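Please look at the sequence and the model below before reading on. The paragraphs after them go through the fold step by step.

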Amino acid sequence: MNINQCNIEELIVLCKQNNQKAQYEVYNRYASAMYNVAFRIVKDSHYAEDVMQESFLKAFSKLENYKQEVSFGAWLKRIVVNQSIDFYKKNNQFKAEDFEMTLHKIEDIDSDFSMNSDFTNLKVKQILETIATLKYNYQMVLTLFYIEGYDQEEISEILNISYANCRTTLSRAKDSLRKKLEEI
C-alpha cells in the first residue's frame, strides 16, 4: 500500500514501528497547521519552526502514550502548545508572575464579545493585530481561548495558573481587547 493513501490511524501504527516514510507523511500532513500554532505563541518564524520540529520529535518518541482518546491532530497540537509555552519560559520572555499579579475577584457576568458593540464588520486581521498590542499574558489567554479553542480549565492547566486566575485574566483580556477594538 502506498503511504500517501493511508489514513492517519494506519500511519500511526507504522510510525510506532519506526517507519520513517510514515513519519514523514504524518509530518507533511500536520506541519503547516502545527507551525501556525507555534507561531501564534512564540511570535517568531524561526523559533516557531524549531518548536514545531521539537514537537514532532517529542510526539514520535512518545507515540506509545497516544491512546486515541482524542484525534491525533488534537494530541499533537497539545504537544506543540506546551512546547511553545516551555520555549517562552526558557527564554525568559514569559513571566508567570504577570498572571498572578492580575488576580482579583470578578462578578459572574458573562461579558460576551457582542455586548454593546457590533464587531461583525471587523476583519480577522484587524482583531489579530489588536490582540498583538495587548500585554503578553492577555495575548496568550485570548489566543488559547479564541484561536486554539481551549476552555478555561485547559488554559489554566497549560499555563499552570489557578482556574480563578485564568477566568480573571481572560475577562480582563476580553475587556481590554473590546476597548481597543472600539477605538478602531
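What follows starts with the whole chain, turns to one bent helix and its two ends, and then goes to the core and some buried residues.

The model is a predicted one. The chain has nine helices and zero strands, so that, by the definition of these elements, its pattern along the sequence reads α-α-α-α-α-α-α-α-α. Of its 184 residues, 42% count as buried. Among contacts between residues at least 6 apart in sequence, 67% join residues at least 24 apart. The chain exposes about 11000 Å², and carbon and sulfur atoms supply 47% of that area.

Helix 2, residues 20-42, is a good place to begin. A straight helix of 23 residues would span 33 Å at 1.5 Å a residue, but helix 2 spans only 28 Å between its end C-alpha atoms. Where does helix 2 bend? The bend is at tyrosine 30 and amounts to about 50°. Tyrosine 30 is also one of the buried residues of helix 2, which include Ala22, Val26, Met34 and Ile41. The buried residues of this helix pack against helix 1 (8-16), helix 3 (45-61), helix 4 (72-90) and helix 7 (136-147).

Now the two ends of helix 2. Ahead of it, asparagine 18 sits in the loop between helix 1 and helix 2. Asparagine 18 counts as exposed because its relative accessible area is 60%, and exposed means over 50%. Asparagine 19 caps the N-terminal end of helix 2; one of its side-chain oxygens lies 2.9 Å from the backbone nitrogen of lysine 21. Just after helix 2 comes lysine 43, in the loop between helix 2 and helix 3. At 39% relative accessibility, lysine 43 is partly exposed.

The backbone at these two loops deserves a remark. Most residues other than glycine have a negative phi. Asparagine 18 is not a glycine, yet its phi is positive, about 60°. Lysine 43 is not a glycine either, and its phi is also positive, about 60°.

The next topic is the interior. In soluble globular proteins, nonpolar side chains tend to be buried together. Here the largest nonpolar core has 50 residues, and Phe72, Leu144 and Leu159 are those with the most contacts inside it. Helix 1, helix 2, helix 3, helix 4, helix 7, helix 8 (152-159) and helix 9 (163-183) each supply at least two residues of this core.

Which residues does phenylalanine 72 touch, not counting residues up to four places away in sequence? They are Ile8, Ile12, Val26, Tyr30, Leu63 and Tyr66. Tyr30 in this list is the residue at which helix 2 bends.

Isoleucine 12 belongs to helix 1. With a relative accessible area of 2%, it is buried, because buried means under 20%. Not counting residues up to four places away in sequence, isoleucine 12 touches Leu63, Tyr66 and Phe72. Isoleucine 12 and tyrosine 66 are 54 residues apart in sequence, but their C-alpha atoms are 9.3 Å apart in space.

The last residue is serine 55, in helix 3. Is serine 55 buried or exposed? At 0% relative accessibility, serine 55 counts as buried. Its side chain reaches the backbone oxygen of valine 51 at 2.8 Å. Leaving aside neighbours within four places in sequence, serine 55 is in contact with Leu76, Ile79, Val80 and Gln83.

Terms used
Residues are numbered from 1 along each chain as its sequence is written. This is a predicted model: local features need pLDDT of at least 70, side-chain atom pairs count only at pLDDT 80 or more; totals for chains, interfaces and linings use all residues. Side-chain values use heavy atoms; hydrogens and water are left out. Helices (H or I, at least four residues) and strands (E, at least two) are DSSP runs, numbered from the N terminus. The expected span of a helix is 1.5 Å times one less than its number of residues. The bend at a residue is the angle between axes fitted to the seven residues ending there and the seven starting there. Buried means under 20% relative accessible area, exposed over 50%, partly exposed in between (1.4 Å probe, protein chains only). Contact means heavy atoms within 4.5 Å. A polar contact is a pair of N or O atoms within 3.5 Å; within protein, one must be able to donate a hydrogen and the other to accept it, and residues adjacent in sequence count only if both atoms are side-chain atoms. A nonpolar core is a set of buried Ala, Val, Leu, Ile, Met, Phe, Trp, Tyr and Cys residues joined through side-chain atoms within 4.5 Å. Accessible areas come from the Shrake-Rupley method with a 1.4 Å probe; for residues, only the protein chains shown count as cover.
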